[in-house]
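Here's a walk through one protein chain, written for someone who likes to think in contacts and surface areas. Have a look at the fold before reading on.

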Amino acid sequence: MPGAPVHDLSVEQITVVKSLVPVLKKHGKTITKRMYTILFDADPNLRAYFSRDFPIHEGSQEGCPFTTSSAERSKLQSEDCTELKISEDKCCGRDQEASQKEGGWVMEGQDAGEVSFQAARLAETLIAYCAYVDELPKLEKAVARICKIHTMRQVTPEHYGPVGSAVIQAVGDVLGDAVTPEIQDALVAAYGVLVSLFTEKEAALKEAGKDQLGGWEGMREFLVVEKVTDSSENCVLVIESLDGACVAQVEEGPTTFVSAFWNDEKRGPLVKSLPLVKVPSGHDSQTCYALELSPSVSKSRKSSTDILIEKSHIGMGIRLSVPVVL
């Protein structure tokens, strides 16, 4: 089953996975859009774990977590991989059929551009992983960053099974009969290697977050104690730990994030990852954080940030992940 940890690939599996790079360049975005549809149709609650909250790596135009510079992206685009002989006739019909199935999963607060960005970013990530599947140390920094985001978003080992199944099904839906048992087995094994990398690092991050002074595991309860909004509708929420105990001390800035979870009366549980800024005077930085919120550019839909700016108030409860520096 996709999602089971795997620690090593055979030489044959590596060859098959790397040979998929040219195919993924042509059909990757369709595959990832289809994957989202399959995943969210099966469990709409998983939508909260996928977002564009985090800053794009310096030099990366598309935000792919595994490609951190324009030079690296150019190398990947021209990667010399032997392509599997997959018939375009077999792919294109399925590609068009899968494209027609893509709609319907757009979250509230997202527009078509947001969906397209996420699908493109995930496609590039898959391409990069397949290209470097036999050179994983090259992806070490990117894997570390992704694991921090997963930990902050409360991703657990149990989440990887449904995601892996959706990826494998999407590949089959788009590429059709071109996906032989050999290809499917290699993809499942490669995904298992990635799961092993993620789960091991994420377990260590959770332990470190809990063991630090003022740290915790999972979610911690806070209350809004001040709300400051400027003329541009930018907002700072000052929140204090509900138990009054000290909180983990981190350097505030544009790369220091927490994930905030709260309940909306109409939309139910919402999550948003937000940067920390300096706690205003008059509040104890030992027990408080300050969250920076900026309204979305799109006016066609209200994002979760827009809703939080509009409806947050003093005394409102918010649950936070332990902060991480990306």
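What follows goes from the whole chain down to single residues.

## The overall picture

First things first: this is a predicted model. The chain has 326 residues, and buried ones make up 49% of them. Its secondary structure comes to nine helices and seven strands.

How much surface does the chain expose? About 15,700 Å², with carbon and sulfur atoms supplying 52% of that. As for the contacts with a separation of 6 or more, 76% are between residues 24 or more positions apart.

## Helix 9, wrapped up

Helix 9 covers residues 304-311, and six of its eight residues are buried, so the rest of the structure largely encloses it. Which ones are buried? They are Ser-304, Thr-305, Asp-306, Ile-307, Leu-308 and Ile-309. The cover over these residues includes a run of strands: strand 1 (220-229), strand 2 (235-241), strand 3 (253-264), strand 4 (268-277), strand 5 (288-293) and strand 6 (317-320).

Take Ser-304 as a close-up; this residue sits in helix 9. With a relative accessible area of 11%, Ser-304 falls under the 20% cut-off and so counts as buried. Leaving out residues up to four places away in sequence, Ser-304 touches Trp-262, Arg-267, Leu-270, Val-271 and Lys-272.

## Strand 4 and its neighbours

Strand 4, part of the cover over helix 9, is itself mostly covered, with seven of its ten residues buried. On one pairing, strand 4 runs antiparallel to strand 3 over nine bridges. The two form a hairpin, with three residues between them. To pick out one bridge, Phe-257 partners Pro-275 in strand 4.

Strand 4 also pairs with strand 5, again antiparallel, through two bridges. Here you can look for Val-277, whose bridge partner in strand 5 is Ala-290.

## A pocket beside the helix

Helix 9 turns up again in the second largest pocket, which has a volume of about 210 Å³. Eleven residues line this pocket, and the closest to its centre are Glu-233, Pro-295, Lys-302, Asp-306 and Glu-310. Which element gives the largest share of the lining? That would be helix 9, with three residues. Asp-306 thus appears in two lists: the buried residues of helix 9 and the residues closest to the pocket centre.

## Salt bridges

If you're checking electrostatics, the count comes to eight salt bridges. One of them joins Asp-173 and Arg-34, with the closest N and O atoms 2.9 Å apart. This pair links distant parts of the chain: Asp-173 is in helix 7 (residues 160-175) and Arg-34 is in helix 2 (residues 21-42), 139 residues apart. Is the pair buried or exposed? Both Asp-173 and Arg-34 are buried.

Another salt bridge is made by the side chains of Asp-243 and Arg-220, at 3.1 Å from N to O. Asp-243 is in the loop between strand 2 and strand 3, while Arg-220 is in strand 1, 23 residues apart. The two ends have opposite labels: Asp-243 counts as exposed at 54% relative accessibility, whereas Arg-220 is buried, with a relative accessible area of 10%. Elsewhere, salt bridges that share partners join Glu-207, Lys-210 and Glu-217 into one network. Within that network, the closest N and O atoms of Lys-210 and Glu-217 are 4.0 Å apart, and Lys-210 counts as partly exposed at 34% relative accessibility.

## Ser-321, out of sight

Last stop: Ser-321, in the loop between strand 6 and strand 7 (324-325). Although this is a loop residue, Ser-321 is buried, with a relative accessible area of 1%.

What does Ser-321 touch, not counting residues up to four places away in sequence? Its contacts are Met-152, Gln-154, Trp-216, Gly-218, Met-219, Val-258 and Ser-259. For a sense of how the chain folds back here, compare Ser-321 with Gly-209: the two are 112 residues apart along the chain, but 9.4 Å separates their C-alpha atoms.

Notes
Residues numbered from 1 in each chain as written. Predicted model: local features only at pLDDT ≥ 70, side-chain atom pairs only at ≥ 80, totals over all residues. Heavy atoms only, no water. Buried < 20%, exposed > 50% of the residue type's maximum accessible area, 1.4 Å probe, protein only. Helix = DSSP H or I, 4+ residues; strand = E, 2+ residues; numbered from the N terminus. Contact = heavy atoms within 4.5 Å. Areas by Shrake-Rupley, 256 points an atom, 1.4 Å probe, with all protein chains shown as cover. Pairing = 2+ DSSP bridges. 1 Å grid on protein atoms, 1.4 Å probe; cavity = no way out; pocket = protein on both sides within 12 Å on 5 of 7 lines; lining within 4 Å. Points joined across faces, edges and corners; volume = space filled by probe spheres on them.
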